[in-house]
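Work through the following exercises with the sequence and the model open beside you. Try each task before reading its solution.

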Amino acid sequence: MPDLLADFPHTDTAYNELLDAQGEVRPHWQRLLSTLERSSQAQLNQRQALLERQIQENDVTYNVYADPDGSDRQWALDLLPNLIPLEEWKEIAAGVAQRAGLLNQVLADLYGPQKLLRDGLLPAELVFGHNNFLWPCHGMQVPGDTWLHLYAVDLARAPDGRWWVLADRTQTPSGAGYALENRQIVSRAFPELYRDLRVQHLSGFFRSLQEFLRQQAPADGETPLVVLLTPGRYHETYFEHLYLARQLGFPLVEGGDLTVRDNTLYLKTLDGMKRVHALLRRLDDGFCDPLELRTDSALGVAGLLEVVRQGRVLVANALGSGVLESPGLLGFLPAISEQLLGEELLLPSIATWWCGEPPVLEEALEKIAELVIKPAFPSQSFEPVFGRDLDEQGVQELTERLRSRPYAYVAQELAQLSQAGVWDGQALQPRAIGMRVYAVASKDGYRVLPGGLTRVA
């Protein structure tokens with residue numbers, strides 16, 4: 001087969017995952033590419049067809065609310081995995097574990113003494129203005145003082161090769177199940193290669209999650225029952241809910257399957273009610289308890305928050321953890337890390353400014369063409385705006401909007417994503433990629449999934 005990279009463009013403006021600055025194949029890619037080049041185009045397409053057949057047989061889907069018919073969309077998976085050498089991965093894993101531990105402490109403070117607010121390390125408007133800051137959870141105690149049981153972070157690689165954080169996922173992080181399924185499917189297409197490259201297994205990560213929830217659950221001497229709460233089959237990642245429940249051995253339940261009696265959570269079964277000791281939720285904060293949170297929710301369990309307050313059930317992640325998903329927090333984390341950990345962040349965030357500070361707002365308006373403007377809170381019906389795409393009138397309208405409610409917006413540098421190769425049926429083509437990495441709480445700190453979910457733009 002001809003050279004797969006013969007027509008693969010090389011640019012100096014973005015990091016190339018396959019090629020170095022001299023256009024040579026990076027060492028950790030050489031074995032995979034040599035394997036591909038020993039195959040014909042037809043053989044590679046057969047491998048790709050194997051992937052698609054496995055996805056269809058396993059019914060791997062991702063629902064898209066915007067689809068007119070509301071149907072399930074088949075999961076798309078490329079033939080080429082994203083390879084990260086071990087030494088580089090160790091650095092990523094250390095940074096992700098550090099960040100998870102830091103954010104866990106931030107949550108404990110926001111729902112406890114709120115020292116970060118009093119010391120000026122976080123602006124009150126950014127916290128209390130967030131619709132996922134739950135006042136009913138203030139003063140609440142959680143088992144083991146663990147607020148984040150499962151954490152995810154979106155990363156992008158800068159042109160110099162360094163990884164940067166784009167966003168933190170702390171409420172109901174999705175994608176770990178897809179990462180496991182992807183790994184298993186691609187490994188069937190390249191069984192010998194996966195063995196030779198000594199790709200790390202993912203099962204230990206999920207076992208840690210399973211064991212930690214059972215250990216931390218307030219069982220009172222009983223065998224702990226852990227359930228996975230889903231909004232239902234119309235949720236975009238419902239496949240993953242089913243998949244994780246099966247992998248973890250947890251019953252998959254909806255709000256109607258649960259009830260609260262005498263400050264205790266129960267699962268309704270044909271054999272009567274069984275006490276639930278821990279709840280792994282895939283339901284957003286506000287919908288979990290229509291009694292104290294969103295009264296229009298038909299998905300949660302009335303009285304759940306009081307059960308948590310009484311220490312009778314563990315909820316993972318803890319209710320109210322979605323407050324940390326505001327991009328406005330990114331710019332304040334370096335100082336918070338120095339305060340709480342006495343350490344610099346190993347994984348820096350992409351340059352981000354909260355516009356609620358007057359000097360920051362003026363600076364953002366001066367270089368708006370170089371920035372992307374995002375909402376500070378998820379409740380805003382405001383799509384990110386790229387300054388470079390605006391004409392003079394658009395800039396004026398955006399400026400007026402920012403000046404009227406500056407605290408509701410965030411300015412962020414444009415991320416120049418790295419380029420990786422994907423198989424298009426005939427050759428390798430460059431595509432921009434980002435990567436989501438996961439960490440799970442364990443008795444020894446946070447354990448990072450040895451792999452991630454690489455997403456192709």
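**Exercise 1.** Determine in which strand Thr 259 is found, and decide whether Thr 259 is buried or exposed.

*Solution.* In this predicted model, the first step is to place Thr 259 in the secondary structure, where it belongs to strand β7, which covers residues 258-261. The next step is to look at accessibility: the relative accessible area of Thr 259 is 14%, and because buried means under 20%, Thr 259 counts as buried. The last step is to list its contacts beyond the neighbours within four places in sequence, which are Thr 264, Leu 265, Tyr 266, Lys 268, Met 273 and Val 301.

**Exercise 2.** Describe the surroundings of Asp 154, and find the side chain with which its own side chain makes a polar contact.

*Solution.* Begin with the strand: Asp 154 sits in β3, which runs over residues 150-157. Then consider accessibility, which for Asp 154 is 4% in relative terms, so that this residue counts as buried. Now turn to the side chain, which makes a polar contact with the side chain of Arg 455 at 3.2 Å. Finally, when neighbours within four places in sequence are left aside, the contacts of Asp 154 include Trp 164, Val 165, Leu 166, Met 435 and Arg 436, and Arg 455 is listed there as well.

**Exercise 3.** Locate Leu 116 in its helix, and find how far its C-alpha atom is from that of Gln 339.

*Solution.* The helix is α4, made up of residues 115-118, and Leu 116 lies within it. With a relative accessibility of 3%, Leu 116 counts as buried. Along the chain, Leu 116 and Gln 339 are 223 residues apart, while their C-alpha atoms are separated by 9.1 Å. Beyond its neighbours within four places in sequence, Leu 116 is in contact with several residues, among them Val 106, Asp 109, Ile 336 and Leu 340.

**Exercise 4.** Examine the backbone at Arg 198, at Asp 220 and at the peptide bond from Ala 316 to Asn 317.

*Solution.* Start with Arg 198, which is not a glycine and yet has a positive phi of about 55°; its place is in the loop between α7 (191-196) and α8 (203-216), and at 74% relative accessibility it counts as exposed. Continue with Asp 220, whose phi is also positive, near 55°, in a residue other than glycine. Asp 220 lies in the loop between α8 and β5 (226-229), and its relative accessible area of 55% makes it exposed. End with the peptide bond from Ala 316 to Asn 317, which is cis, with omega near -10°; Asn 317 belongs to the loop between β11 (314-316) and α11 (333-340).

**Exercise 5.** Decide whether the radius of gyration of the protein chain agrees with that of a compact globule, and describe the chain as a whole.

*Solution.* First, note the expected value: for 457 residues, a compact globule would have a radius of gyration near 23 Å, and the protein chain has 23 Å, so the two agree. Second, count the secondary structure, which comes to 13 helices and 18 strands. Third, consider burial, since buried residues make up 54% of the 457 residues. Fourth, look at the contacts with a separation of 6 or more, of which 70% join residues 24 or more positions apart. Last, compare the charges: the mean positions of the 41 positive and 60 negative charges are 7 Å apart.

How values were computed: Residues are numbered from 1 along each chain as its sequence is written. This is a predicted model: local features need pLDDT of at least 70, side-chain atom pairs count only at pLDDT 80 or more; totals for chains, interfaces and linings use all residues. Side-chain values use heavy atoms; hydrogens and water are left out. Helices (H or I, at least four residues) and strands (E, at least two) are DSSP runs, numbered from the N terminus. Buried means under 20% relative accessible area, exposed over 50%, partly exposed in between (1.4 Å probe, protein chains only). A polar contact is a pair of N or O atoms within 3.5 Å; within protein, one must be able to donate a hydrogen and the other to accept it, and residues adjacent in sequence count only if both atoms are side-chain atoms. Contact means heavy atoms within 4.5 Å. The radius of gyration is taken over C-alpha atoms; the globule rule is 2.2 Å times the number of residues to the power 0.38. Lys and Arg count as positive and Asp and Glu as negative; His and the chain ends are not counted. The place of a charge is taken as NZ of Lys, CZ of Arg, CG of Asp or CD of Glu.
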